[in-house]
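Work through the exercises below with the model open. Try each task before reading its solution.

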Amino acid sequence: MIKILKNNFKDKRGEILDIFTKNPKDHCTLVTFNKGAIRGNHFHKKSTQYTYILNGKLTMYEVKVNSKGDKIRKLSQKFVKKNTLITHKKYTTHTYIYKKKTLNIIIFYILSMWLQLLYTTLTITFYLYYHYT
């Protein structure tokens, strides 16, 4: 099967394109960042989010929160670059800031964390990125 994917969302920060949702796995999304974009600034109550940086560099902020969204640990700032895989566990607020021209990242969510699921998701996303960009 071949399917042409369309953007789910677009604004001045960039674009969001769902590669898949629920089938074959939980969720996989390609997110682009335009210069000056701030994205994320949220947390997940039930899922772990994995983010893979396809190109470029960005600043990431993380803080652990409770179920009400109140900060329970110190805010951390990290600089991440191409080929970095980031894991955001449940109740970890994450924000990305990008200051350059363009950037592409892949975000995927896994409710049940199995190594096989992670491998399958990465294989699909790398194939899509390297063959269609």
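Two exercises follow, one on a charged side chain and one on backbone angles.

This is a predicted model: local features need pLDDT of at least 70, side-chain atom pairs count only at pLDDT 80 or more, and totals for chains, interfaces and linings use all residues. Residues are numbered from 1 along each chain as its sequence is written, and side-chain values use heavy atoms, without hydrogens and water.

**Exercise 1.** Find what surrounds the side chain of Arg 39.

Step 1. Locate Arg 39: strand 4, residues 38-42. Strands are DSSP runs of E, at least two residues, numbered from the N terminus.

Step 2. Check burial and charge. Arg 39 is buried but has no salt bridge. Buried means under 20% relative accessible area (1.4 Å probe, protein chains only). A salt bridge needs a side-chain nitrogen of Lys or Arg within 4 Å of a carboxyl oxygen of Asp or Glu. The nearest side chain of opposite charge is Asp 11, 4.0 Å away.

Step 3. Look for backbone oxygens. That of Thr 32 lies 3.2 Å from a polar atom of the Arg 39 side chain. For Gly 14 the distance is 3.5 Å.

Step 4. List contacts (heavy atoms within 4.5 Å). Beyond four places in sequence, the partners of Arg 39 include Asp 11, Glu 15, Phe 33, His 94 and Tyr 96.

**Exercise 2.** Determine the sign of phi at Asn 41 and at Asn 83.

Step 1. Recall the background: most residues other than glycine have a negative phi.

Step 2. Take Asn 41, in strand 4. Its phi is positive, about 60 degrees. Asn 41 is exposed (over 50%), at 57% relative accessible area.

Step 3. Take Asn 83, in the loop between strand 7 (76-81) and strand 8 (85-88). Its phi is also positive, about 70 degrees. Asn 83 is partly exposed, with a relative accessible area of 47%; partly exposed lies between the buried and exposed cut-offs.

Technical notes. Helices (H or I, at least four residues) and strands (E, at least two) are DSSP runs, numbered from the N terminus. Lys and Arg count as positive and Asp and Glu as negative; His and the chain ends are not counted. A polar contact is a pair of N or O atoms within 3.5 Å; within protein, one must be able to donate a hydrogen and the other to accept it, and residues adjacent in sequence count only if both atoms are side-chain atoms.
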